[in-house]
Every structure is written in structure tokens, then in C-alpha cells.
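Work through the following exercises with the sequence and the model open beside you. Each task is followed by a solution that proceeds step by step.

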Amino acid sequence: MTRFPKGPLHVSVYQPFATALDAFPADESPTTEEHRYGPEFPATHPLANGPVVSPPHSVEGFVREFLRELNYGQGVALKRSTVNDQYLALARTVAHYLAARWLETGRTTRQSGAKTIGYLSAEYLLGRQLGNALLATDLRDIVEEGLAACGINLATLRAQEVEPGLGNGGLGRLAACFIDSLATMNIPCIGYGIRYEYGIFRQTFVEGRQVEQPDAWLALGSPWEFPHPENAVRVDFGGHTQTYADEDGTPRTRWVPEWNVLGIPYNYMVPGYHNGRVNTLRLWSAVATKAFDLAIFNSGDYAEAVRAQTFAENISKVLYPEDSTPQGRELRLQQQYFFVACSLRDFIDRELPQDFDLADLPDRIIFQLNDTHPVIAVPELMRLLVDERKMDWDQAWAITQKCFAYTCHTLLPEALEVWPTDLLGRLLPRHLEIIYRINDEFLTEVREAFPGDEMRIRRMSIVTDYPERAVRMAYLATVAGSKVNGVAALHSQLLRDKVLPDFSEFWPDKFTNVTNGVTPRRFIRLANWNFSRLINETIGVGWVTDLDRLAELEPYAEDADFRARFREVKVANKERLRMLLEARDGILLPHDHMLDVMVKRLHEYKRQTLKLLHIVSVYEQIISGEVDPASVTPRTFVFGAKAAPGYRMAKEIIHLINAVGARINSDERTGGKLFVAFPANYNVTLAEKLIPAADLSEQISLAGKEASGTGNMKFALNGALTIGTDDGANVEIRKLVGDDNFFLFGMTEPQVAELQAQGYVPSHVYETNPLLKRAMDLLASGHFTEGNRESVAPVVSDLLYNDRFLTLADFQSYIDAQAKVDAAYADEDAWTHAAILNVARTGFFSSDRSMRDYLDRIWHTKPLK
């Protein structure tokens, strides 16, 4: 906690600040204990619960606090400080103000005894924190003016911040949006996750191929986190179990672990928007229980002396370690158990009163399982209640079933985690025993409901024997959870009908839908500042916490002046992006092009190959002379995507996109009408510049494969039109914005299922579609790879002879839809009209609305007053 000297700061903000001593009056040197540290307060005094720091309502007040942090926090004078010094000082100055609200939030939450949301997620893709903190505290103008008085540009310091790469894509960004909304809505929440030392990798391209580099996001300091090693939690692994009788003669089981690590909590503040609430994100870092063996070190075996620490730190070293090896697979399970074991113990031991009756635990917490990664928390809570707190099994199970809810984020069978019992038994022997008992008792219930139906029993068993004996974590979450939800209307229906149909039949009331949403604070107010000002001037400021108010913009779609101002904002956003990519990547975007954007994880079901085929087809028609370049709509195609390190086909697709882009961008025959950009290392920071500049949003996954998507929502809310299939949240977007303002193409999910049942032959589509054949042939010829056909063969062959996600089947429909895009874009006024309607009609996709749905349908709690 920062202690401030008494009295006013006798210095003008318009004077230079030469040294630390220059910034303070000579008579205020801290000589007494009280002066240095502030007065002591009795426990009943309000200040005993934390500092009371008023916001720096004046520029001078801010400058004073900033310089104090720079001088005494960083230990440098202003004129000798680096940009990093200045950024860290600014971040801590803002953090100190937030900390007062944060401590007060914790105090009032504990006093109220309110139910808390424990959000368990392996990913949190937070983005930069400084801009969001300034927005939440409404300090931006004061800070900007104060820094200017010191000769510092706020934008420079914001650019210095390194984004924490603690997520892989939509799952992690969704978690970040949700905890933002919960704080803004005054809902007690603790987000729990892992403080990955290197997070997701930093993507680079070498000769067009993805190369992963460590993401050293902590290297220059992390001013937003508060470590608490004194609150470390011990996490056990391995060993065996023992049975014994307790003092009452009741049979009990104890776990005798073989080894353990410590989890160190790092707290991050999650501020609500202009409401004074600051919730907590608690991330765990693994360290060894005995980090250093001095005796071994003194014997000369230096590596062995720190082996335990190295081994422990591997657990929180990187997000999603490559799991194609047995060691990588085991490390993933270690990660998952590590963070949920820390989190459950933390909440029970530190967040609840010491005399709390755990029979009432469901009244104080519900743990939301963000996909299957944290599901091992179910047997862990049972172990804590039964083995450590000596609770009766049936009572413990009844409590556990009320303390968890499960969100499924996928429809892909391979994405539903399955852990071999051999691995579980070796790493977590007691948990496997608990899972077996849960499964046995569950299957007894199923047999009573469906006597004689042993095939159903096999289908519903948590433990499967094929292809190896393993635990199906999605099934465990469904059995244990009070509710199971999908993340878009179509996804939730398919979850019931195709992924978990037997469970849906057995527990029809357990399944529900909560369509995803995004926070308007970061993705409109912060990312699209000029557009936000236009909205404020038009309908007022309340929309930031009530996104349904965007509907008030709809009449202005008919206003020519508003449409003109809307276009001016889009042009300015494009110029901002152009400047960023030139500085960041050396990419110089053309002027006056449609910005056609596809940014998302690289996965075959998302069909970046379909976008690539469209580009190649347009290019082929130009160079073959079939189409005059003058008649082609000028387009810049922007990709952003990372491939998982072990996903070979995804990496081949990235290489092919880069190869195609390099050739097209250098071919003068296109007349400058086509340009392909693939900036490396797409992240939240880049998204905040790219999304507001986009004209066309590519949401082209195979129908029935995308759970929801959130990029589609961000683009629509920032005035991009969507070309997409009826998949995920696209269905809801199209219904809201209207068919005239959405470019629909492709098969529906039932049509996909029908084609696959008939026997899909992609080579037949290739042979019978001349446009497709010419594009594929051009790719296969090595035209884009300097004659090297082998480098494109993996992708081309897979499309021709496998095409699991029906890219070729949807090609012609996609090309036809793109022709409609060209025609619509040619009418600038009509396009702008449609873009405004997209914004006005998509307020539904606020994460605030998502949270309201969770509160009503799953968590059954209310905001604090």
C-alpha cells in the first residue's frame, strides 16, 4: 500500500521535474514512523480495512501521485526515466486508486454473505489493462493532460504494455468479457485460472511458416498483479490411497501422495464500469515445496539442486503444452488439477468464515466450469468434503451437485476431453476412486429408469472402455452439474440432440442455453473511441451498460448526415490500422479498399481454406483474362490466426495463405485491386484496431460445427457486415439484423448431415465446378510456391480426397454470396445504411445480457445493492 506525505504538493504541473527531491517540499522529509507509514487505526476504524484513496480529481493531484510512484516506486527521476519506468509508474498510480475500491469490495462482499460466482477457466485472454482501468475509473482525460504536462504521451505508455497471453482464442476472451460484466453488474465473482509464465506462444513467420516463440509477457514487469506467497496452497499428486476407520468406526479413505507443489496466488483487479466495484481474478503459479537443496548444490550437482523447482514450475510454464507425447498429456492434467485444487481450497479456507457450515456451501458459491478443463474440480470437492471434512458421501454429493454448473463450448467430439484411467490413477488415485463411485451410483439410477437397456448404460457411462479405458469429462460435468448450457441457440439444440442426447432425455430440465456476448466497454467504448463519441452525441452515454439502447440508432440509418459521419469514423479507423500494421509488421495496406477480415483460431472447421479459394479464384480470373481488373472490387483480405503447435494441417494452411498473399501482392496484373495481409501474432490488442476498421466479417465455418463465436458479434457491433453460414451465433445475428443486411450462404446443419450420410465425394465437386477446378489447379501447380508442388500438396490433397468440413461443397454458394457483397459495396450509401442497422440491432450480444441469463437460468442470484 502506498503511503502519501501530508500537505499540498508545492510544484506547478507546468514546471519541469528534475529529481525526486524537487517533487516534494523540503519540510516533508519522512522522519517519524507515523509520518512515514501513516497512523495506526483500531480494528473497528474504517481505515483498518484498507486505504481510502480518493480519485485524483485534478491534473495536479494526478501528477503528484504519478511522480511519487516514479520516484519511489521505480527509483528514478522523471528526466532519467525510460518509457517502461513511466508506464509502470502510471499503471501503479491507477492501480493504487483501484485498490481502495477493491479492498472495500472484498469487505462488503464478506459482510453481506452474498453468493459468489467462482469462474473456473483455463484461459483468460485479458488484453492490455491500462486502457480498461482508465476507462473504468473515468481517469483518462485527467491522466492524459497530466502526462502531457510532464512531457509524456499517454498513447506511448499504453503501447508499452505487453498483453498477457493467457488464452488461445474465444474461450479465454469470453472469460475476460464475463468477469468484466460481472464487476460492472455488481455481482460478486472470483475468476480462477493459471498464471502461465509464457502463456500462449508468440507467433512469427519464417518463410511463410509459423514459428512459435516464447511469449515473455512478464519480462518488463507486471504492475497489475499482487502476489501473495503467504497464501500458498499445497497441491498433491501421485501416491496411493489407504482405508481406515475413524474415531466413530466409520470406514474412511485417505490419500497418501507421492509428491506435491505449492500454488502461489496472484491477484488481479477486475473493475466495474463507473460503479466502484472491483472483483478479483486469482491466477495460480506453481513452485516447488522445496525449491533448492543446498547440500546437493554444495556437492557440485547444481542442476539436481534445483530440479524440484524446475519440475514444479513446468506446471504453470505454458498454456496448453503440446500433448502429442505422454509427458505433454500428463502435464496438461497436472495443470488442470493444480488450478482447481488451489481454487477450491482457497475459497473454502480463505473466503468463507472460519466457522462456516459447509452444508450451506451452495448458498455461498457456484463454480462455473468453463468447458471441460476444470471438471476435475468435481471429484476434488468430493474429496475435500468426504475425506478431509468427514462428511457423509450422500450429503457431500448433494452439495457438490449444487455447487457446479457446466458450459460446453464445442460440438467436436475430439474437443470433449477424455483422460485415460491409467494416467488418472497414477496421478490422482483418490480422484479416480471417487469418479468410479460417482459413475456406479449414476448408472444405478439410469438402470432404474431404463431397465434392460444396457446399450444406453454403455453410452451414458462416465467411464468408457473404447478405444481405451478412460473418463469422459463432459459426462462427469453433466452428471455433477446443476445445469448444462450451450453458448448459442443452435449450439444448445445440437448439444441436446447430438452431443449429449441420452443425458438430455434423462434430465431435460438440466439443459439450457446462454448465448455468448462481448463487453461493450472494451470492444466498442475503448476499441472504437471515435464511434463511441458519435454514439454518445446521438443517443447519450447510457448504452455502455445498457447495449439494448443501440436500437435508438436505427432511425439515424435514414439520416444522410449521420451516415456520412459513420463513414468518416470507418475511414479514420482504417487509417489507424494502416499506420499500426506498417509500424508493427511492415505491412502497408492499400487505400480505398474494402477490408475483408477473417480472424480466428486456425482450425479446419473454421474453413480459412474456403476464404483462400475465393481469393485464388478471383485472382485466377484476372490473370487468365476472363475478368478485367478494372471491374473488380478493390479488396484487402486480412487474416489473423494461430495454429496449435502440434496441428500440422493448420500450419500447412498458414503457409499456403502466406504464399498466396506474397504472390498476389507482387503481381501487377491485378492492377492493385487485391491485397492479402496476414499479420503475425494476432491478439486482443490488434483486434481492438482491426475490428473497428473492418467492412466485411468472414464467419464461414461449416454449419453445425461452431459453438457460437464472439468475433462475429464484435464485428457486427462495430459496423461490419457479415458473410456467413447458419452456424453458431450467426443464426441469431442474421435474425436480428435481417436477411437484407447479412450475406448468407452454404448448407444448413440438416443438409450437412444428409450429404455426409449419402457419402460426400469432394473430388466430384472439383470435377464438376469449372471455377473451383481452375482455382484448385492453380494452387496445385506450384504457381504460388515458386514451382514447388510438394509444399501445397498436403492442403490440396486433403481438400480433394477428404474435405472433412465440406469446403468444396459450399464453394459455389460462397462465391455467389461474394458476388452479392461486391454489388452491395458498390452502393456506398446503401452499404452504410446496412452497417448502421447491424450496430443498432445487435445490442443483444452484450456480455451483460449473457450474465443476466446466467443469473436467471443457472446461478440464481442477484446483484448486490
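**Exercise 1. Describe the lining of the largest cavity by residue class, then give its volume, its central residues and the elements that supply it.**

Step 1. The lining of the largest cavity divides into eight nonpolar, three polar and three charged residues, where Ala, Val, Leu, Ile, Met, Phe, Trp, Tyr, Cys and Pro count as nonpolar, Asp, Glu, Lys and Arg as charged, and the others, Gly among them, as polar.

Step 2. Before going further, note that this is a predicted model, in which local features need pLDDT of at least 70 and side-chain atom pairs count only at pLDDT 80 or more, while totals for chains, interfaces and linings use all residues. Residues are numbered from 1 along each chain as its sequence is written, and side-chain values use heavy atoms, with hydrogens and water left out.

Step 3. The largest cavity holds about 150 Å³ of space, and of the 14 residues that line it, Leu126, Gln129, Asn132, Ala176 and Val270 are the closest to its centre. On a 1 Å grid over the protein atoms alone, a cavity is a set of points where a 1.4 Å probe fits but cannot get out, a pocket is an open set with protein on both sides within 12 Å along at least five of seven lines, and lining residues have an atom within 4 Å of a point. Grid points are joined across faces, edges and corners, and a volume is the space filled by probe spheres set on the points.

Step 4. Helix H7 (170-184) and strand E9 (259-271) each supply at least two residues of this lining; helices (H or I, at least four residues) and strands (E, at least two) are DSSP runs numbered from the N terminus.

**Exercise 2. State how many cavities of 30 Å³ or more the structure holds, and describe the second largest cavity.**

Step 1. There are nine cavities of 30 Å³ or more.

Step 2. The second largest cavity contains about 120 Å³ of space, and its 14 lining residues include Tyr87, Val162, Gly221, Ser222 and Pro223, which lie nearest its centre.

Step 3. Sorted by class, the lining of the second largest cavity has eight nonpolar, five polar and one charged.

**Exercise 3. Find which element gives the largest share of the lining of the second largest pocket.**

Step 1. The second largest pocket encloses about 650 Å³, and among its 27 lining residues the closest to its centre are Gly106, Arg110, Thr280, Arg282 and Glu351.

Step 2. Two or more lining residues come from each of H3, strand E2 (189-194), E9, strand E10 (278-288) and helix H11 (326-351).

Step 3. H3 gives the largest share, six residues, and the whole lining consists of nine nonpolar, ten polar and eight charged residues.

**Exercise 4. Classify the packing of helix H2 (residues 59-73) against helix H3 (residues 83-112).**

Step 1. The axes of H2 and H3 are 8 Å apart, and the packing angle is about 120°; axes are lines fitted to C-alpha atoms, for helices over the stretch in contact, and angles run from 0 to 180 degrees between N-to-C directions.

Step 2. This angle makes H2 oblique to H3, given that angles under 35 degrees count as roughly parallel, over 145 as roughly antiparallel, 65 to 115 as roughly perpendicular and the rest as oblique.

Step 3. Phe62, Glu65, Phe66, Glu69 and Leu70 of H2 make the contact with Asp85, Gln86, Ala89, Leu90, Arg92, Thr93 and His96 of H3, contact meaning heavy atoms within 4.5 Å.

Step 4. By class, this contact of H2 with H3 has five nonpolar, three polar and four charged residues.

**Exercise 5. Describe how helix H12 (residues 377-388) meets helix H15 (residues 429-449).**

Step 1. The axes of H12 and H15 come within 9 Å and cross at roughly 95°, which makes H12 roughly perpendicular to H15.

Step 2. From H12, Val378, Pro379, Glu380, Met382, Arg383 and Asp387 meet Arg430, His431, Ile434, Ile435 and Ile438 of H15.

Step 3. The contact of H12 with H15 comprises six nonpolar, one polar and four charged residues.

**Exercise 6. Locate the cis peptide bond.**

Step 1. The cis peptide bond joins Tyr466 and Pro467, with omega about -5°.

Step 2. Pro467 belongs to the loop between strand E14 (463-464) and strand E15 (470-472).
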